[in-house]
Amino acid sequence: MSDCRRGECGLCVMDVLSLDGQIDHRDVFLSEREKRENTRICACVSRVVGSVTLDTAWRAECA
């Protein structure tokens, strides 16, 4: 399930911390409202024109 690579399962969803440009949402997981808000991205299939900062949820203090 975690390797659908089609934007269907949602396991690749990441929070968008900042965006300077546009997200080309190519997934079917996020709702139309979520796509308009540009606060989340399905990293496996969606693309950004411009620059984006994502929250990977990885924290050094937890490693």
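## Exercises on a three-stranded sheet and its surroundings

In this predicted model, three strands form an open sheet in the order 2-1-3 with antiparallel pairing. Strand 2 (40-42) and strand 3 (47-55) are the edge strands, each pairing on one side only, and the twist from one strand to the next averages 60°, where axes are lines fitted to C-alpha atoms and angles run from 0 to 180 degrees between N-to-C directions. Residues are numbered from 1 along each chain as its sequence is written. Local features need pLDDT of at least 70 and side-chain atom pairs count only at pLDDT 80 or more, while totals for chains, interfaces and linings use all residues, and side-chain values use heavy atoms, with hydrogens and water left out.

**Exercise 1.** Place the sheet within the order of elements, and describe how strand 1 pairs with strand 2.

*Solution.* Begin with the inventory: the protein has one helix and three strands, taken as DSSP runs numbered from the N terminus (helices H or I, at least four residues; strands E, at least two). Reading from the N terminus, these elements run β-α-β-β. Next, take strand 1 (residues 13-24), which pairs with strand 2 in the antiparallel sense over three bridges; two strands pair if DSSP finds at least two bridges between them. Finally, locate one of the residues involved: Val-13 has Cys-42 in strand 2 as its bridge partner.

**Exercise 2.** Identify the residues of the largest nonpolar core, and follow Val-45 to its contacts.

*Solution.* A nonpolar core is a set of buried Ala, Val, Leu, Ile, Met, Phe, Trp, Tyr and Cys residues joined through side-chain atoms within 4.5 Å. The largest has five residues, namely Cys-12, Val-13, Leu-30, Cys-42 and Val-45. The bridge partners Val-13 and Cys-42 are thus both found in this core. For Val-45, leave aside the neighbours within four places in sequence; Val-45 is then in contact (heavy atoms within 4.5 Å) with Arg-5, Arg-6, Gly-7, Arg-26 and Asp-27.

**Exercise 3.** Decide whether Lys-35 is buried or exposed, and list its contacts.

*Solution.* First, Lys-35 lies in helix 1 (residues 32-37). Second, apply the cut-offs: buried means under 20% relative accessible area, exposed over 50%, and partly exposed in between (1.4 Å probe, protein chains only). Because its relative accessibility is 15%, Lys-35 counts as buried. Third, apart from neighbours within four places in sequence, Lys-35 is in contact with His-25, Asp-27 and Leu-30. Asp-27 is also among the contacts of Val-45, and Leu-30 belongs to the largest nonpolar core.
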